[in-house]
Amino acid sequence: MMQAKNIRVRLGRKEVLHGVEFTAQTGQVTAIIGPNGSGKSTLLKTLSGELVGTGTVLLNGHDIAKLRPWELAAMRGVLPQQTTVAFPFTVHEIVRLGLSNGLAAAEEDLPSQALAHVDLAGFENRSYQNLSGGEQQRVQLARVLTQVWEARDQDQPRWLLLDEPVASLDIAHQFTVLGIARDFAAKGGGVVVVMHDLNLTALFADLVYVLSEGHMWMSGTVSEVLNTETMKQVYGIDLPINTLPPTDIPFVLPQALSG
Ligand SMILES: Nc1ncnc2c1ncn2[C@@H]1O[C@H](COP(=O)(O)OP(=O)(O)OP(=O)(O)O)[C@@H](O)[C@H]1O
Ligand SMILES: [Mg+2]
């Protein structure tokens, strides 16, 4: 389980998160949605231990502030919203960084396996900087998968923390990547994913948290959260939400706004 209690984070002069509570379970995909600037990336960075605010984050029962860097690296992998690579690294060199926790150093073929998983088999010797935006995003995911390849490490579940992992991807690769997330959860790991696409969220998330202006507005299942009233309150627009039988998964059709 991942549990964050009373998280307050100040960036510069501004308090960005105002006492956020958050819980995610292993075996599930937990999504965080909310408008631009609402604090999603800040929350994910706090859950990963990259940012330290007040409050506590417990990962598998451990206070992450007390874990050593390599213990944390063995427990969770993090895909940031943006990654800048300033040097002419090859794809293999980037993905191999996922092995640097030392625990998986014997697994030299993991980077290639991870690349194949994100549909980039054979890209090992390409220059990272010459890849398209979507290809770069998938290389970064392959690096994270290399780090936390098995969803469980003996009895300990591992975690994937993904910040907008499908933002640059075509629809087929969006399904590839979110399928990897679902598979990781099905194998007993935990997944926390920041999303903007409400329809993909509806298809892939078990639980949805809605952030608004640094407050946790609400959380619940897709059916509980994705409704016209909540969307109006959080995003400020009228979004018609329909459901599709037989599963009654909600979907949003923004074109209907123009009618
Ligand atoms: N280093 C910083 N110094 C000051 N303010 C910051 C800093 N980083 C982020 N912020 C502010 O904190 C707020 C939350 O930022 P955050 O990146 O968490 O938003 P987000 O919900 O991930 O948005 P997006 O959907 O655009 O990625 C924003 O108002 C942002 O301008
Ligand atoms: Mg963000």
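# A walk through the predicted model

N60 counts as buried, at 15% relative accessibility. Keep in mind from here on that this is a predicted model. You'll find N60 in the loop between β4 (54-59) and β5 (62-63). What does the side chain of N60 make a polar contact with? It pairs up with the side chain of W159, at 2.9 Å.

Now to helix α1, which spans residues 40-48. Eight of its nine residues are buried, so the helix is largely enclosed by the rest of the structure. The buried ones are K40, S41, T42, L43, L44, T46, L47 and S48. Right after α1 comes G49, and its phi is positive, near 95 degrees.

Helix α1 also matters for following ligand 1. There are 14 residues around ligand 1, and K14, G37, K40, S41 and T42 come nearest. Which element gives the largest share of the shell around ligand 1? That's α1, with three residues. Both β2 and α1 supply at least two residues each to this shell. By character, the shell splits into eight polar, three charged and three nonpolar residues.

Some close polar approaches to ligand 1 are worth clicking through. The side chain of K14 puts an N or O atom 2.7 Å from an oxygen atom of the ligand. For N36, a polar side-chain atom sits 2.9 Å from a ligand 1 oxygen. With G39 it's the backbone instead: one of its N or O atoms lies 3.0 Å from an oxygen atom of ligand 1. As for cover, ligand 1 taken alone exposes 640 Å², and the protein buries 62% of that.

S41 turns up again at the magnesium ion, which is ligand 2. Which protein donors does the magnesium ion have? They are S41, through OG, and Q81, through OE1, lying 2.0 to 2.1 Å from the ion. This pair links distant parts of the chain: S41 belongs to helix α1, while Q81 is in the loop between β6 (76-79) and α3 (91-96), 40 residues apart. As for accessibility, S41 counts as buried because its value of 18% is under the 20% cut-off. Q81 is partly exposed, with a relative accessible area of 39%.

Next, the aromatic rings. A search of the whole structure turns up three aromatic pairs. One of them joins F22 and Y209, with 4.5 Å from centre to centre and 45 degrees between the planes, which makes it a tilted pair. F22 is in strand β2 (residues 14-24) and Y209 in strand β11 (residues 207-212), so this pair ties together parts that are 187 residues apart in sequence. F22 is buried, at 1% relative accessibility, and Y209 counts as buried too, at 8%.

Another pair brings together F175 and F204. Their ring centres are 5.5 Å apart and their planes meet at 70 degrees, so this pair is edge-to-face; the cut-off for that label is an angle over 60 degrees. F175 lies in helix α6 (residues 171-186) and F204 in helix α7 (residues 198-204), so the pair ties together parts 29 residues apart in sequence. Is F175 buried or partly exposed? F175 is partly exposed, with a relative accessible area of 39%, whereas F204 is buried, at 12%.

Last stop: backbone geometry. Most residues other than glycine have a negative phi, and most peptide bonds are trans. With that in mind, take a look at D119, which has a positive phi of about 65 degrees although it is not a glycine. D119 lies in the loop between α4 (110-117) and α5 (133-147), and it counts as partly exposed at 47% relative accessibility. E164 also has a positive phi, near 50 degrees, and it isn't a glycine either. You'll find E164 in the loop between β9 (159-163) and α6. E164 is buried, with a relative accessible area of 13%. On the peptide-bond side, P245 and P246 are joined by a cis bond, with omega at about 10 degrees. P246 is placed in the loop between β13 (241-244) and β14 (249-252).

Notes: Residues numbered from 1 in each chain as written. Chains lettered and ligands numbered in written order. Predicted model: local features only at pLDDT ≥ 70, side-chain atom pairs only at ≥ 80, totals over all residues. Heavy atoms only, no water. Phe/Tyr/Trp six-rings, centres within 6.5 Å; stacked < 30°, edge-to-face > 60°. Helix = DSSP H or I, 4+ residues; strand = E, 2+ residues; numbered from the N terminus. Buried < 20%, exposed > 50% of the residue type's maximum accessible area, 1.4 Å probe, protein only. Near = heavy atom within 4 Å. Polar contact = N/O pair within 3.5 Å; in protein donor to acceptor, adjacent residues only side chain to side chain. Areas by Shrake-Rupley, 256 points an atom, 1.4 Å probe, with all protein chains shown as cover. Nonpolar A, V, L, I, M, F, W, Y, C, P; charged D, E, K, R; others polar. Donors = N, O, S within 2.8 Å, 3.2 Å for Na, K, Ca; no water.
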